Amino acid sequence: MAKKVINPWLSISPTKRVLCCDLSILTKISYSRTCIEEMIPGTNAFPEPWNGDLVNADIYILNMNPSSGGIAVSSPKLLSSLYSSIYKGIYDLTSTDIEFLKGKGTPVQQKWWKKFLDPTKMPSSFVGKKICVIEYFPYHTTTGFKFPLSLPSNYFVDNFINQAIVDKKLIIIARQAQSWFNRIPDLRNYKNTLYLNCLVHQ
């Protein structure tokens, strides 16, 4: 079993969409645009560190980040509703609902999940229970963003990835294999791994 560690993502709320432990790192990153306020990730959309059952999944897919497809809204009432109906469940470790397959979220999010799910011919309820997608960088970003090498919040999901290796579960690296190797050293020689559209440097 993975070590019992505090889930930092439970502190996310409609008025707090960036973890305090990450903020100091994010504000020091070099951006390609002059308006830093617009480029800080997560300030206009809720983060998505993972989707699916982080504890009990049989397959872990290691992705890069949730892209620019976040739901950016400013209405406090709508933010609260969005958080309650979609994002609060994401931060629940054993949530098996993938809300973006139910017509919620942006078209970008729905299209990504549909593209991922169609070849499997599996219902969304099955995917949510068997598969967990973990993002290397948990925040939505805009064009020109430079990913940091690490974030203080990484320790939480890394704990579950390392446990998946111990349990010999299938791990699929969807993007940036070298970045994942640097972050999780035991992945480099882990045999039960598949790679999708990413360059593997041994």
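This report walks through a five-stranded sheet in a predicted model, and then visits two residues beside and within it.

**The sheet**

The 5 strands form an open sheet in the order β1-β3-β2-β4-β5, and their pairing is mixed. At the edges stand β1 (50–52) and β5 (193–195), each with a single partner strand, so one side of each has no neighbour in the sheet. On average, neighbouring strands are turned by 20 degrees against each other, direction ignored. Helix α6 (residues 154–166) packs on this sheet and touches β1, β2, β3 and β4 (170–173). The direction of α6 makes about 125 degrees with that of β4.

**Strand β3 and its partners**

Let us look at β3 next. This strand (residues 131–135) runs parallel to β2 (residues 59–63), and 5 bridges join the two. With β1 the arrangement is antiparallel, and 3 bridges join that strand to β3. Some of the facing residues are listed here.

| Residue | Opposite residue in β3 |
|---|---|
| I61 | V133 |
| Y60 | C132 |
| N51 | V133 |

V133 thus appears twice, standing opposite I61 and also opposite N51.

How many of the residues of β3 are buried? The count is 5 of 5, so the strand is mostly covered, with buried meaning under 20% relative accessible area. Both faces share in this: I131, V133 and E135 are buried on one side, and C132 and I134 are buried on the other.

**D53, in the loop after β1**

D53 sits in the loop between β1 and β2. Which side chain of opposite charge is nearest to D53? That is K169, at 7.8 Å, and D53 has no salt bridge although it is buried. A salt bridge would need a side-chain nitrogen of Lys or Arg within 4 Å of a carboxyl oxygen. The side chain of D53 does have a polar contact, reaching the backbone nitrogen of V55 at 3.0 Å.

**T193, in edge strand β5**

At the other edge of the sheet, T193 lies in strand β5. Is T193 buried or exposed? T193 is buried, because its relative accessible area is 10%, and the limit for buried is under 20%. Leaving out residues up to four places away in sequence, T193 touches I171 and I173. A polar atom of the T193 side chain also lies 3.1 Å from the backbone oxygen of Y190. Finally, T193 and I59 are 134 residues apart in sequence, while their C-alpha atoms are 10.0 Å apart in space.

Key
Residues are numbered from 1 along each chain as its sequence is written. This is a predicted model: local features need pLDDT of at least 70, side-chain atom pairs count only at pLDDT 80 or more; totals for chains, interfaces and linings use all residues. Side-chain values use heavy atoms; hydrogens and water are left out. Two strands pair if DSSP finds at least two bridges between them. Helices (H or I, at least four residues) and strands (E, at least two) are DSSP runs, numbered from the N terminus. Axes are lines fitted to C-alpha atoms, for helices over the stretch in contact, and angles run from 0 to 180 degrees between N-to-C directions. Contact means heavy atoms within 4.5 Å. Buried means under 20% relative accessible area, exposed over 50%, partly exposed in between (1.4 Å probe, protein chains only). Lys and Arg count as positive and Asp and Glu as negative; His and the chain ends are not counted. A polar contact is a pair of N or O atoms within 3.5 Å; within protein, one must be able to donate a hydrogen and the other to accept it, and residues adjacent in sequence count only if both atoms are side-chain atoms.
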